[in-house]
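Got your viewer open? Load the model, switch to a cartoon view and get ready to click around.

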Amino acid sequence: MGMTTSRIDQLIDEMERRFCAPIVDEDAAVGALQALYEYLQESHAHLTAEQEDRLDDIQARFRAGPGLFKGDLH
C-alpha cells in the first residue's frame, strides 16, 4: 500500500501545483484532477484522511486565490 499512497501523493502534489499556481492553466489543472481519479479507479485505491484534507485545502486555496486563468489572458 505504501507505493500506492506515494503515487497518490505525487498526483495530489501535481494538482496542488496546477490549481494553486498564480495563473491557472485550466487544461493542465483538469488533467491533473483527471489523472488522480483515473488512478484511484484503476488501482482501486482509497484516499487517506490526510489526503482528503489536502484536497480540501487545495480546493479552499483555489477558491480563495486570485482567480486568474491562462485562458483569460488571450
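Here is a tour that starts with the whole chain and then visits two helices.

**Before you click**

You're looking at a predicted model, where local features need pLDDT of at least 70, side-chain atom pairs count only at pLDDT 80 or more, and totals for chains, interfaces and linings use all residues. Residues are numbered from 1 along each chain as its sequence is written, and side-chain values use heavy atoms, with hydrogens and water left out.

**Stop 1: the whole chain**

Show everything and colour by secondary structure. You'll find three helices and zero strands, so the pattern along the sequence reads α-α-α (helices are DSSP runs of H or I with at least four residues, strands are E runs with at least two, and both are numbered from the N terminus). Along its principal axes, the C-alpha trace spans about 40 × 20 × 15 Å.

Now turn on the surface. About 5,100 Å² is exposed, and carbon and sulfur atoms supply 53% of that area (areas come from the Shrake-Rupley method with a 1.4 Å probe). Of the 74 residues, 22% are buried. Buried means under 20% relative accessible area, exposed means over 50%, and partly exposed is in between, using a 1.4 Å probe and protein chains only.

**Stop 2: helix α2**

Select residues 26-43, which form α2. This helix has 18 residues and reaches 26 Å from its first C-alpha to its last, close to the 26 Å expected at 1.5 Å a residue (the expected span is 1.5 Å times one less than the number of residues).

Which residues of α2 are buried? Show A28, A29, A32, L36 and L40 as sticks: those are the ones. They sit on the same side of α2 because they cover an arc of only 115° around the axis (the arc is that of the directions from the helix axis to the C-beta atoms). Spin to the other side of α2 and you'll meet D27, Q41 and E42, which are exposed.

Stay on D27 for a moment. Its relative accessible area is 66%. Add K70 to your selection: D27 and K70 are 43 residues apart along the chain, and their C-alpha atoms are separated by 9.2 Å.

**Stop 3: helix α3**

Next, select residues 49-64 for α3, which has 16 residues and reaches 22 Å from its first C-alpha to its last, close to the 22 Å expected. Pick out Q51, L55 and I58, which are buried. These three cover an arc of only 60° around the axis, which puts them on the same side of α3. Finish on the face turned away from that buried side, where A49, E50, D53, R63 and A64 are exposed.
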